[in-house]
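Me: I'm new to reading protein structures, and I'd like a close look at one part of this one. Could you walk me through the place where the ligand sits, and what surrounds it?

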Amino acid sequence: MEKIISLMTVVPAMATDDYVGFTFFVGCMAMMAASAFFFLSMNSFDNKWKTSILVSGLITFIAAVHYWYMRDYWATNMTSPTFFRYVDWVLTVPLMCVEFYLILKAAGATKQLMWKMIFASIVMLVTGYFGEAVYTTGSGPAVWGLVSGLAYFYIAYEIWLGGASKLAAAAGGAVQSAHRALCWFVLAGWAIYPIGYMAGTEGWYSGIFGGLPMDVIYNVGDAINKIGFGLVVYKLAVDSK
Ligand SMILES: *C/C=C(C)/C=C/C=C(C)/C=C/C1=C(C)CCCC1(C)C
């Protein structure tokens, strides 16, 4: 009994009106469920798609582990778990770039294309971290956010109009539709993140976005993008079975 009571004091409980904490909790469950789904369905596809589904599962699994920590961090400190958040992103966003490469590989995608996108995604995230956690005063967040935004536009350009889009057009069929769907996730789904950033940092934009709950916005973005991306790849594997 004593053990149980002392355990209860170290595991923070979530207040019932803590809706930010609730989105961390639900996010964690959703990522776990999605991981189970992707991992368990993996072996029913042929080798061509197995790796893509595995990567879908890895993305949601890495997120589930981080959400487990972030939920705990939030419940304990009631402040944003910025560091865990960016560690999660720096692992999962490059894996999303790998997904583009994997589905376009048969159409002739090169590793060089993959590394270009991975590099841009890391620039986007490291500069975003600078603005959110390091250079947080004066024009710091706005300037670093802009640099991050440029890297984001580069990724969007590459997949919508650059080399990746040409490969998708050449592949046609289910691959092209899947590529197009992933492109929409990047253009519309990823656009959720700069809104969260502007809600959570100080800058010229604070009058517009200030006061919105940054963590809720990021959590919603993660659920849509990580699980959505995985489902697009899953659908591609089903359609081309
Ligand atoms: C699973 C996690 C994903 C898909 C995270 C994506 C994150 C971004 C697209 C973040 C972008 C940012 C900007 C474009 C500018 C402001 C700083 C960031 C890092 C929030």
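**The largest pocket and its ligand**

Reply: Happy to! Let's begin with the kinds of residue in the wall: the lining of the largest pocket is made of 20 nonpolar, five polar and two charged residues. Keep in mind that you are looking at a predicted model.

That lining has 27 residues in total, and Gly145, Ser148, Gly149, Tyr193 and Pro194 are the ones nearest the pocket's centre. The pocket itself has a volume of about 550 Å³.

Now trace the wall helix by helix. At least two lining residues come from each of α4 (82-104), α5 (111-134), α6 (140-160), α9 (192-200) and α11 (214-239). The biggest contributor is α6, which supplies nine residues to the lining.

Next, the ligand: the largest pocket is where it sits. Around the ligand there are 18 residues, and those that come nearest are Val93, Met124, Ser148, Tyr193 and Lys226. On its own, the ligand has 530 Å² of accessible area, and the protein covers 99% of that.

Try comparing two short lists here. Ser148 and Tyr193 are among the residues nearest the pocket's centre, and both are also among those that come nearest to the ligand.

Which elements build the shell around the ligand? Two or more residues each come from α4, α5, α6, α9 and α11. You have met those names already, as each also supplies at least two residues of the pocket lining. The leading helix is another matter: α4 gives the most to the shell, with five residues, whereas α6 gives the most to the lining. By class, the shell has eleven nonpolar, five polar and two charged residues.

For contrast, take a look at the second largest pocket, with a volume of about 160 Å³. Its lining includes Asn47, Lys48, Trp49, Thr51 and Ser52, along with Leu102, Ile103, Ala171 and Val175. Here the elements that give two or more residues are α3 (47-77) and α4. The largest share, five residues, comes from α3. Sorted by class, this second lining holds seven nonpolar, three polar and two charged residues.

So that you can find your way back, here is the picture once more: the ligand sits in the largest pocket, with α4 giving the most residues to the shell around the ligand and α6 giving the most to the pocket's lining.

How values were computed: Residues numbered from 1 in each chain as written. Predicted model: local features only at pLDDT ≥ 70, side-chain atom pairs only at ≥ 80, totals over all residues. Heavy atoms only, no water. 1 Å grid on protein atoms, 1.4 Å probe; cavity = no way out; pocket = protein on both sides within 12 Å on 5 of 7 lines; lining within 4 Å. Points joined across faces, edges and corners; volume = space filled by probe spheres on them. Helix = DSSP H or I, 4+ residues; strand = E, 2+ residues; numbered from the N terminus. Nonpolar A, V, L, I, M, F, W, Y, C, P; charged D, E, K, R; others polar. Near = heavy atom within 4 Å. Areas by Shrake-Rupley, 256 points an atom, 1.4 Å probe, with all protein chains shown as cover. Sits in = over half its atoms within 2 Å of the grid points.
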